[in-house]
Amino acid sequence: MARVHLLIPDEEHARFVHQARTEGLSLSAWLRAAAGERLDRRSSTERFGSRSDVERFFASCDAREGPDPEPDWEQHVTVIGASRGRGAAVE
């Protein structure tokens, strides 16, 4: 089993310990459970079940973008260059 060294502010430590005890867990077990729940929430995206699911997904993306075509690469480069010029730091 891996060991992790964690630095947290004293106030958060006290809150975490209190909540862990309230739930009848050690701080270590509580932190593992909290991290596991966060991973589960983020990885619970639905997978495409069929080709038609994929096509519907991209059609909804296209509909959200509107009717105008995306700018070509040269237009992007021009906008990036202009932005860099305006955002340059002055010493």
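This passage walks through the salt bridges, a surface patch and the largest pocket of the structure shown above. The model is predicted, and the values given here were computed from its atoms.

A convenient place to begin is helix α3, which spans residues 51-65. Opposite charges offer a simple starting idea: side chains that carry them can pair when their charged atoms come close. A search of the whole structure turns up 2 salt bridges. One of them joins Glu55 to Arg51, with 3.0 Å between the closest N and O atoms. These partners sit 4 residues apart in helix α3, so about one helical turn separates Glu55 from Arg51. Their surroundings can be described as well: Arg51 is exposed, at a relative accessible area of 66%, while Glu55 is partly exposed, at 45%.

The other pairing brings together the side chains of Asp53 and Arg56, with an N to O distance of 2.4 Å. Here the spacing is 3 residues within helix α3, and Asp53 and Arg56 are therefore also about one helical turn from each other. Arg56 counts as exposed, with 51% relative accessibility; this value lies just on the exposed side because the cut-off for that class is over 50%. Asp53, at 24%, counts as partly exposed.

Helix α3 also contributes to a feature of another kind. Phe57, which is found in this helix, belongs to a nonpolar patch on the surface together with Phe48 and Phe58. The accessible area of Phe48, Phe57 and Phe58 together is about 310 Å². Phe57 itself is partly exposed, with a relative accessible area of 36%. That value is enough for a place in the patch, because patch residues need over 30% relative accessible area.

Attention now turns to the largest pocket, which holds about 380 Å³ of space. Its lining includes Met1, Ala2, Arg3 and Val4 from the beginning of the numbering, along with Leu6, Ile8 and His13. Further along the chain, Leu27, Ser28, Leu31 and Arg32 complete the lining. Helix α2, covering residues 27-42, supplies the largest share of this lining, with 4 residues. In terms of character, the lining residues divide into 7 nonpolar, 2 polar and 2 charged. Arg3 and Arg32 are the charged members of this lining, whereas His13 and Ser28 count as polar.

How values were computed: Residues are numbered from 1 along each chain as its sequence is written. This is a predicted model: local features need pLDDT of at least 70, side-chain atom pairs count only at pLDDT 80 or more; totals for chains, interfaces and linings use all residues. Side-chain values use heavy atoms; hydrogens and water are left out. Patches are made of residues with over 30% relative accessible area and no salt bridge: like charges are joined within 9 Å, nonpolar side chains (Val, Leu, Ile, Met, Phe, Trp, Tyr) within 5 Å. Accessible areas come from the Shrake-Rupley method with a 1.4 Å probe; for residues, only the protein chains shown count as cover. A salt bridge is a side-chain nitrogen of Lys or Arg within 4 Å of a carboxyl oxygen of Asp or Glu. Helices (H or I, at least four residues) and strands (E, at least two) are DSSP runs, numbered from the N terminus. Buried means under 20% relative accessible area, exposed over 50%, partly exposed in between (1.4 Å probe, protein chains only). On a 1 Å grid over the protein atoms alone, a cavity is a set of points where a 1.4 Å probe fits but cannot get out, and a pocket is an open set with protein on both sides within 12 Å along at least five of seven lines; lining residues have an atom within 4 Å of a point. Grid points are joined across faces, edges and corners, and a volume is the space filled by probe spheres set on the points.
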